[in-house]
Amino acid sequence: MELIAIFIRSWFRSAVLHIGAGLRYGCMRLFRRGQKVSYRQIRYGSEDFNDIDHADNNLANGFFGFLVIAVILILIAK
């Protein structure tokens with residue numbers, strides 16, 4: 001039973017991070033039309049894989065992903 005809970009938590013966390021990264025990627029593509037933006041860089045960080053950069057990306061993606069899911073849940077509840 002505990003294994004199922006761990007799987008659900010990791011799946012939910014991954015979904016939230018990908019939703020947040022997708023939202024950030026869409027906004028970057030919309031507002032920075034002339035610059036090169038990649039989903040991989042937004043989701044996973046810079047090429048040198050700096051720990052601080054990776055943590056910052058996870059925090060930003062998690063915040064935006066959680067915000068999207070919270071809005072969806074509020075709209076469903078109404």
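This dialogue considers two helix residues and an aromatic pair in a predicted model.

Reader: In which helix does Asn58 lie, and is this residue buried or exposed?

Author: Buried means a relative accessible area under 20%. Asn58 has a value of 17%, so it is buried. This residue belongs to helix H3, which covers residues 51–77.

Reader: Which residues does Asn58 touch, leaving aside those up to four places away in sequence?

Author: With those neighbours not counted, Asn58 is in contact with Arg13, Leu17 and Arg43.

Reader: Where does Ala15 lie, and how is its accessibility described?

Author: Ala15 is found in helix H1, made up of residues 2–31. Its relative accessible area is 24%, and Ala15 is therefore partly exposed. The C-alpha atoms of Ala15 and Ile69 are 9.9 Å apart, while 54 residues separate the two along the chain.

Reader: How is a pair of aromatic rings described?

Author: Two quantities are used: the distance of the centres and the angle of the planes. In this model, a search of the whole structure gives one aromatic pair. The pair consists of Phe63 and Phe64, whose ring centres lie 5.5 Å apart and whose planes stand at 65°. Planes over 60 degrees apart count as edge-to-face, so the pair of Phe63 and Phe64 is edge-to-face.

Reader: What is the relative accessibility of Phe63 and of Phe64?

Author: Exposed means over 50% relative accessible area. Phe63 has 51%, so this residue is exposed. Phe64 has 30% and therefore counts as partly exposed.

Note on methods:
Residues are numbered from 1 along each chain as its sequence is written. This is a predicted model: local features need pLDDT of at least 70, side-chain atom pairs count only at pLDDT 80 or more; totals for chains, interfaces and linings use all residues. Side-chain values use heavy atoms; hydrogens and water are left out. Helices (H or I, at least four residues) and strands (E, at least two) are DSSP runs, numbered from the N terminus. Buried means under 20% relative accessible area, exposed over 50%, partly exposed in between (1.4 Å probe, protein chains only). Contact means heavy atoms within 4.5 Å. Rings of Phe, Tyr and Trp (its six-membered ring) pair if their centres lie within 6.5 Å; planes under 30 degrees apart count as stacked, over 60 as edge-to-face and the rest as tilted.
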